[in-house]
Amino acid sequence: MIYLPKLVIIGAGGFAREVAWLIEDINKDKKQLDLIGFIDENEANHGKVLNGYPVLGGFDYLANTRINEQLYAVCAVGNPVSKKKLVQKATEYGLKFTNLIHPSINISKSVELGTGNIICAGNILTVNISIGSHVIVNLNCTVGHDVICHDYTTILPGASVSGNVVINNGCDIGTNASIIQGITIGEWSIIGAGAVVVRDIPPHCTAVGVPAKPIKFHKDIHEQVE
């Protein structure tokens, strides 16, 4: 008998259901992962069945379940601040993380990945790219050469990241945003949907528009991510 690695998805929202579908696509030709369900801290979701997979409970479920070396997780929560908190909590419960990469993507062999990343369908990742851990690259994005994308970042559908861009920890890159070559995005910053980034963006801000400009700074972000 072949024992497949067991996997839980942290979160039970819309994106979590999309990640379950991603896993089904990974398993389509040959089953590689055994998705056992969702872990969610919202008690109202406990006991629900989402697209055929149960919401097992919160992290207490893990405390009451024998965790073996084959139980892995991904965090399917887009908000970078919430994602970091959940990943830290999951780690305390002994969960290990794995990468989920949709089989349809076009990715070169020179792309380096950390762990816990979710790379959705339709993406193109070119050459000499470095992606940290717990990064989400949602549907139909392009990531150019020599991009460095640090931990906990989320890149939403249709975003375009040109070559030599640096995206620091915990950034949230909006749907259909464009970042031109050589730009640096400061840590824990938010780039609005449809924004065009032509200048470096400072840390801890929200930047929107064409060209993108900071409109708000998040003074309390350090407390949220500690």
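These are my notebook entries on the strands, cysteines, two residues and one cavity of a predicted model.

**Entry 1. The six-stranded sheet**

I began with the sheet that contains β1. This sheet is open and has six strands with mixed pairing, in the order β3-β4-β2-β1-β5-β6. I noted β3 (49-50) and β6 (96-97) as its edge strands, since each pairs on one side only.

I then looked up how β1 meets β2. Strand β1 covers residues 6-10 and strand β2 covers residues 34-39; the two run parallel and share five bridges. Within this pair, I found isoleucine 10 opposite isoleucine 39 of β2.

**Entry 2. Leucine 71**

Staying with the six-stranded sheet, I turned to β5, which takes a place between β1 and β6 in the strand order. Leucine 71 lies in this strand, which spans residues 71-75. Is leucine 71 buried or exposed? I recorded it as buried, because its relative accessibility is 9%, below the 20% cut-off.

I listed the contacts of leucine 71, setting aside neighbours within four places in sequence: Lys6, Leu7, Val8, Ile36, Leu62, Leu95 and Lys96. Of these, I placed Lys6, Leu7 and Val8 in β1, which spans residues 6-10. Ile36 falls in β2, residues 34-39. Lys96 belongs to the edge strand β6 (96-97).

I also checked leucine 71 against valine 166. The two are 95 residues apart in sequence, and their C-alpha atoms are 33 Å apart in space.

**Entry 3. The eight-stranded sheet**

I next followed a second open sheet, of eight strands and mixed pairing, ordered β7-β10-β13-β16-β19-β22-β24-β25. Its edge strands are β7 (100-101) and β25 (213-217), each with pairing on one side only.

At the β7 end, I found that β7 runs parallel to strand β10 (residues 118-119), with two bridges between them. Isoleucine 101 is opposite isoleucine 119 of β10.

At the β25 end, I looked at β24 and its two partners. Strand β22 (residues 190-191) runs parallel to strand β24 (residues 205-208), and two bridges join them. On the other side, β24 pairs with β25 in the antiparallel sense over four bridges.

Which residues stand opposite threonine 206? I found isoleucine 190 opposite threonine 206 in the pairing with β24, and lysine 216 as the bridge partner of threonine 206 in β25. Alanine 207 stands opposite proline 214, also in β25.

I noted that β24 and β25 form a hairpin with four residues between the strands. In the turn, glycine 209 has a positive phi of about 100°.

**Entry 4. Cysteines**

I searched the whole structure for disulfides and found zero. Cysteine 120 is in no disulfide, and the nearest cysteine sulfur to it, that of cysteine 141, is 8.3 Å away. Why does cysteine 141 have no bond to cysteine 120? The sulfur of cysteine 120 is the closest cysteine sulfur to that of cysteine 141, but at 8.3 Å it is too far for a bond, because a disulfide requires the sulfur atoms to be within 2.5 Å.

I recorded both residues as buried: cysteine 120 has 6% relative accessibility, and cysteine 141 has 1%.

**Entry 5. Asparagine 138**

I located asparagine 138 in the loop between β13 (136-137) and β14 (142-143). Asparagine 138 is buried, with a relative accessible area of 7%. Leaving aside neighbours within four places in sequence, I listed its contacts as Phe15, Cys120, Asn123, Ile155, Leu156 and Pro157. Cys120, which I had already entered as buried, is thus among them.

**Entry 6. The cavity**

How many cavities of 30 Å³ or more does the whole structure hold? My search returned one. The largest cavity contains about 30 Å³ of space.

I listed its lining as Ile131, Val137, Val143, Val147, Cys149, Ile155, Val161 and Ile167. By class, the lining residues are eight nonpolar, no polar and no charged. Val137 is in β13 (136-137), and Val143 is in β14 (142-143). I also noted that Ile155 lines the cavity and is in contact with asparagine 138.

How values were computed: Residues numbered from 1 in each chain as written. Predicted model: local features only at pLDDT ≥ 70, side-chain atom pairs only at ≥ 80, totals over all residues. Heavy atoms only, no water. Pairing = 2+ DSSP bridges. Buried < 20%, exposed > 50% of the residue type's maximum accessible area, 1.4 Å probe, protein only. Contact = heavy atoms within 4.5 Å. 1 Å grid on protein atoms, 1.4 Å probe; cavity = no way out; pocket = protein on both sides within 12 Å on 5 of 7 lines; lining within 4 Å. Points joined across faces, edges and corners; volume = space filled by probe spheres on them. Nonpolar A, V, L, I, M, F, W, Y, C, P; charged D, E, K, R; others polar.
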